[in-house]
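This briefing goes through a few local features of one protein chain. Keep the sequence and the 3D view open while reading.

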Amino acid sequence: MATSTAPSGTPQHALKREIGLIGLTWTSVGSIIGSGWLFGALFAAQAAGTAALVSWGIGAVAITILAFVHAELGAAYPVAGGTGRFPHYAFGTAAGASFGWFSWLQAVTVAPIEVMASLNYLSVHADWIQTGKNHLTGAGYALAVAFMAFFVLVNWFGIKVLAHTNSAATWWKIGVPLLTIAALAITNFHGSNFGYQGFSPFGAKGVLSAVSTSGIIFALLGFEQADQLAGESANPKRDIPRAVIGSIFIGAFIYIALQVVFIAALPHSAFAQGWANLTFTGKAGPFAGLATTVGLGWLATILYIDAVVSPAGTGLIYVTATSRVSYGLSRNGYVPEIFEKTTKRGVPWFSLFFAFAMGLIVFLPFPTWQKLVGFITSASVLMYAGAPLAFGALRKNDPDRERPYRLPGGNFWSPVAFIVANLIIYWSGFDTLWRLGIGIVLGYLLLGASTAFKLNPKAPHLDWRAAQWLPVYLVGLGLISWQGGFCSSGPASTVSCGATNNIGLWWDIGLVALFSLVIYYWAQAVRLPASETQEYIGAGDQFTEPEDPHLPPSKPTF
């Protein structure tokens, strides 16, 4: 495929392979340890009581299964914006465009939610940032714009500067939670708290709902960032699997330990109105407020600083990821060609500024941290659902490709991973899913407009046959959610969200699992012919695209 060239002769869509194992791992870990650790323990405890520990366990297992699938794909197909491109190779353009849009939709909303987390903590000491309902004031919105502009500025200097900046921030982001765990465990550990109102005061629905709606899955998201930046990895075959899997283990350990010490450190007065209405001083910044309440003022000061550093580091990485996903969508011909134009430093500049602009718009319909969590979780896991489908198809269509990491029992785990993804989406609640549906329709309209107005000369013909299962999948999952019993704010039996609660608990889980298996094996049956998969994989020299032939080969320094 011909490469557009600037007058100087430099390709306009060249990325650079300059990021090593530590940079990749810290990119994923830095995405996982973000605002989720600042709020997840509080919201999970309110939703499930002590059983929040089970919710974290379920979330960790679910994400680990998905991560193993991504580890094989990322090492075998090291391309920019990988989560949006794996389905493209397996099922062609219609499915590729859809999952590419899902990938972009979740990525573009994460940076704003990280900024919101920082502003929530800052508002404890600066009430001019938010109103009493935690909505941004005019001055607060201006501060949010400044945060987003900072993310763009760091990204502008290229992937090497970004990785060094993120690596430094991630050491801090890991150190502060570990310090918090140690400080609370040593000074304020009340074992009796774990027995308050029984182990699971809200039953199984509370445990399962907490996985999606209380920030648990959201907190564990981010392992895929190593896949998104695979096109800039110096040694993707070795480093991608290690970064993906290692980041999950680090993140899960930290989050579960944080939940334990949070519950144990709560003063007895916090339970005056039960788990659902935990109260203590400075609750708007949960861990910092708790530290103040139990007399650890020095720790509270560190946590208020971390409330800026930690979410900002994650937001920084997701601005990067958003620009790389739209870059990948352009390479595949789905969005206008301008999205793949890069600077001399290899930064996709238009994609970067577009991510900035869309991030600012997200603040308007979703003005609070908690309102965004369920939406992002659903969009993220919908994006992840494409990987298990592609995994099965690519093992059949591309069996001879070197797989530096090969998932043992992959043909068993890939359908299991697809079931897991769909359960997480289902537990998000019907009120979240219908809003996600609007976002999906909007995406199809935008992608269609790009094709209709010929804004990308590589615009492909749509492979409808290989994606015939996709509309059934999206609509079917929505219908099950409508008839089920989960809402983003609690069980449908006690909360009104549009779900009918006609399918009982456990029956609904069985139905989602059965529906997932039908879709999975249907998709495998109609996947692209192997010859077309090879054509898509080879198009545009995808796996060597990051190196600019006019420059000497890059070497990782971290």
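The points below cover salt bridges, one buried serine and one short helix.

The model is predicted. It holds 6 salt bridges, and some of these are described here along with the burial of the residues involved.

**A salt bridge between two helices**
- Arg395 and Glu72 form a salt bridge, with their closest N and O atoms 2.8 Å apart.
- Arg395 belongs to helix α14 (residues 369-397) and Glu72 to helix α3 (residues 52-76), so this pair ties together parts that are 323 residues apart in sequence.
- Both Arg395 and Glu72 are buried.

**A salt bridge between two loops**
- Glu340 pairs with Lys458 in a salt bridge whose closest N and O atoms are 2.9 Å apart.
- The pair links distant parts of the chain, 118 residues apart: Glu340 sits in the loop between α12 (297-331) and α13 (349-362), and Lys458 in the loop between α16 (430-452) and α17 (469-483).
- Glu340 has a relative accessible area of 2%, so it counts as buried, the cut-off for buried being under 20%.

**A salt bridge with unequal burial, and a network**
- The side chains of Arg401 and Asp398 meet in a salt bridge at 2.5 Å, N to O.
- Arg401 is partly exposed, because its relative accessible area is 24%.
- Asp398 is buried, with a relative accessible area of 5%.
- Elsewhere, Arg331, Glu337, Glu340 and Lys458 are joined into one network by salt bridges that share partners.

**Ser28 and its surroundings**
- Where is Ser28 found? Ser28 is part of helix α1, which covers residues 21-32.
- Ser28 has a relative accessible area of 0% and is therefore buried.
- The Ser28 side chain reaches the backbone oxygen of Phe223 at 2.9 Å.
- Leaving aside residues up to four places away in sequence, Ser28 touches Gly222, Phe223, Gln225, Ala226, Ala243 and Ser247.

**Helix α11**
- How many of the 8 residues of helix α11 (residues 286-293) are buried? The number is 6, so the helix is largely enclosed by the rest of the structure.
- The buried residues in α11 are Pro286, Phe287, Ala288, Gly289, Leu290 and Ala291.
- Gly295, just after α11, takes a positive phi of about 90°.

Technical notes:
Residues numbered from 1 in each chain as written. Predicted model: local features only at pLDDT ≥ 70, side-chain atom pairs only at ≥ 80, totals over all residues. Heavy atoms only, no water. Helix = DSSP H or I, 4+ residues; strand = E, 2+ residues; numbered from the N terminus. Buried < 20%, exposed > 50% of the residue type's maximum accessible area, 1.4 Å probe, protein only. Polar contact = N/O pair within 3.5 Å; in protein donor to acceptor, adjacent residues only side chain to side chain. Contact = heavy atoms within 4.5 Å. Salt bridge = Lys/Arg side-chain N within 4 Å of Asp/Glu carboxyl O.
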